[in-house]
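User: I would like to learn how to read a few features of a protein model. Please take me through them one at a time.

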Amino acid sequence: MDIFVQLTVAGLSDGAILALAALGFVIVYKASGVINFAQGHFLLIGAYVLFAAIVDWGLHWVLGVLVAVLVAVTLGLVVERLVLRPLVGQPVISVIMVTIGLTYILLGIVLLAWGSTPLALPAFIPSDTVGILGAEVGENRLWAIGLVVVALIGFGLFFQRSRQGIAMRAVADDQQAALAMGISVRRVFALAWILAGVSAVGAGMLLANLTSVSLDLASFGLLVFPVVILGGLDSVLGVVVGGALIGLLRQYSAFYLDRELSEIRIGGIAENGITGTAELVPYVALVLILLVKPYGLFGQHRIERV
Amino acid sequence: MSTITTGVYSRTYRQDFLLRRTWLERARLALVLLAIAVAPFLLSVYWLEVATQIAIAAIGAIGLNILVGFTGQISLGQGGFLAVGAFTAGLTAIHTGLNPLAGVALAGVVGAVVGGFFGLPALRLKGLYLAIATLASQVIITWSIIHLSFLGAAEPLAIVEPATVFGWTVSGTWEWFWVIAAFAAVAAVLATNLFRTGVGRAFVAIRDQDIAAEAVGVNVAGYKILAFALSSAFAGVAGALTAYRDTFLTWESFTFEISILYLAMIIVGGLGSVSGAIYGAAFIIGLQAFLQELGGNLQGSFPSVQENLPAIQQIIFGLTIVLFLIFEPRGLARIWQRSKDYLRLWPFRY
């Protein structure tokens, strides 16, 4: 029971961070139909900039977070203006590849500036353990869940109440009609990328706080794909549910599935048992969902012949 | 087609079947063949290794271009299919001692089967969704290699037996270069001819407009699977050649980055062009080798460059992809075509 609670909290906090990262992904996809492979590397940038601000420049962590958000806004704007805008109307493959190209540039910049050794971020969120249902769980994980919930409510209010948020929903719904209503689609695209940058950088900061600042953050970022496919590529609710599901699946399979499978001996195929299923399970879930329910749990069904 | 060719006029069926029509094209082909034949005598061992890698990559890139460039199905899993071929060949070499040629053929067949299987999502999915499904296939294949013990499970697989075909043991850099260049040439001819047959035309029809293709009687589902299978068969052969040449197999040579590398090759070279795939392979592999060599040369005078070489390589690679997509989305094949036109029409613009 103790372990179950611990795994659940760990899974939910991972899932919350994934949901935040995936939210930016979904915003960009809904607004402009672009699949952003660089979302994981935005995460990376967030974590490293926060590290630089706090450790290298000795800023207070509040200022550090502000600097990171500012960098995220700039990054989103620059990427949209210089890289994505020239490719409006190009085939899907070009748009996907350009964001992949971007990942290499971002990775190179991080390598140039900070090298490849993992760095430890000084804890700015309390990391004591607290007891829940008799299990000891890290306080920072609970904080991560709480902060993500606050951030998601913030995003929700933005989309429901603010002028810009409603404009973004209008563009996502029908670009032509939005243009006719006098909404600047260009500004909406730019805003979508800014929000993508901010959400990813936020996720990166939270994740760096739980683990360490390293290049592995980018591969964690790749997990946004199972999340968004599970939830539905264009659904904000799906991001939350998908994030939680993938986070929990990973933690449970890392413990329970590995425990079962590591005992299994299949002569010639798996002589020492099978471990490391946590890496595999999200993608198997992805394939299954794609085969059974291609538009995810909450995605909009499009009727098209394939 | 270039600008001044207004059409292809054939008077006989024999003429219509020709791949090369003008004496200039034939002369160029002869030059290329001559270059391949004499390359081992002119190039240093390092650059000969690079040329061999280019030839292997060209096979994989041609295969990927069949799928992405001609059929319009995005695949982020070519690295995985290379691994399937490589490990198939590796395991046959270790456990059965089969003729390497049979090993290569087997790798192609197994690659095709696995590729066809992972192509199944293409029956229900298009574009973006399909790209993500192929990403999953890449992760699943890599995971299997790391975690299943018969595939080596994290430890490299070593082929002890040297590749021997009919009593001739392929050894030495230059022998391998010729063997692999021959395979690449066969792959290029096969792919070029593929697009002169009904199957190839069906692929292109699916890319251009799948609903229209179905309306004129193309079995869209079947041909999509076939495209995946064919593409992975090429990847399987390329992987098998890597296996026999390197005699040493680890999952690290077949990661997601390798899949991206192959996509970059066909984008830089030119989507939907067999020669483009070859140019792209040469450009990307050559660029990497060049940067490596440059870094080595600068080691003495600029130690910081050597230190940051991996980072600089990443940035240059990323920039290459981004800049090509923004400024010349049709790749080197198009640039080559344009410069030919420019020369032919010079001093006039058109």
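User: Which side chains meet A:Asp14 in a salt bridge?

Analyst: A salt bridge is a side-chain nitrogen of Lys or Arg within 4 Å of a carboxyl oxygen of Asp or Glu. Here A:Arg141 meets A:Asp14, at 3.2 Å from N to O. This pair links distant parts of the chain: A:Arg141 sits in helix α5 (residues 139-161) of chain A and A:Asp14 in helix α1 of chain A, 127 residues apart. Helices are DSSP runs of H or I with at least four residues, strands are runs of E with at least two, and both are numbered from the N terminus.

This is a predicted model: local features need pLDDT of at least 70, side-chain atom pairs count only at pLDDT 80 or more, and totals for chains, interfaces and linings use all residues. Residues are numbered from 1 along each chain as its sequence is written, chains are lettered from A and ligands numbered from 1 in the order in which they are written, and side-chain values use heavy atoms, with hydrogens and water left out.

User: Is A:Asp14 buried or exposed?

Analyst: Buried means under 20% relative accessible area, exposed over 50%, and partly exposed in between (1.4 Å probe, protein chains only). A:Asp14 counts as buried because its relative accessibility is 6%.

User: Which residues do salt bridges join into one network?

Analyst: Start with B:Arg245 and B:Glu49, which meet at 2.8 Å, N to O. They lie 196 residues apart, B:Arg245 in helix α10 (residues 220-246) and B:Glu49 in helix α3 (residues 45-70) of chain B. B:Arg245 also meets B:Asp246, at 3.5 Å. Shared partners thus join B:Glu49, B:Arg245 and B:Asp246 into one network. B:Arg245 is buried at 17%. B:Glu49 is partly exposed at 30%, and B:Asp246 is partly exposed at 33%.

User: How many salt bridges are there across the interface of chain A and chain B?

Analyst: The rule finds zero there, against a count of six over all chains. The contact (heavy atoms within 4.5 Å) takes 53 residues from chain A and 45 from chain B. Buried area is the accessible area (1.4 Å probe) that two parts lose on being put together, summed over both. For chain A and chain B that is about 4400 Å², with 79% from carbon and sulfur atoms.

User: How many aromatic pairs are there?

Analyst: Rings of Phe, Tyr and Trp (its six-membered ring) pair if their centres lie within 6.5 Å; planes under 30 degrees apart count as stacked, over 60 as edge-to-face and the rest as tilted. The search finds 18 pairs over all chains. One of them, A:Phe4 with A:Tyr252, is stacked: 5.5 Å centre to centre, 10 degrees between the planes.
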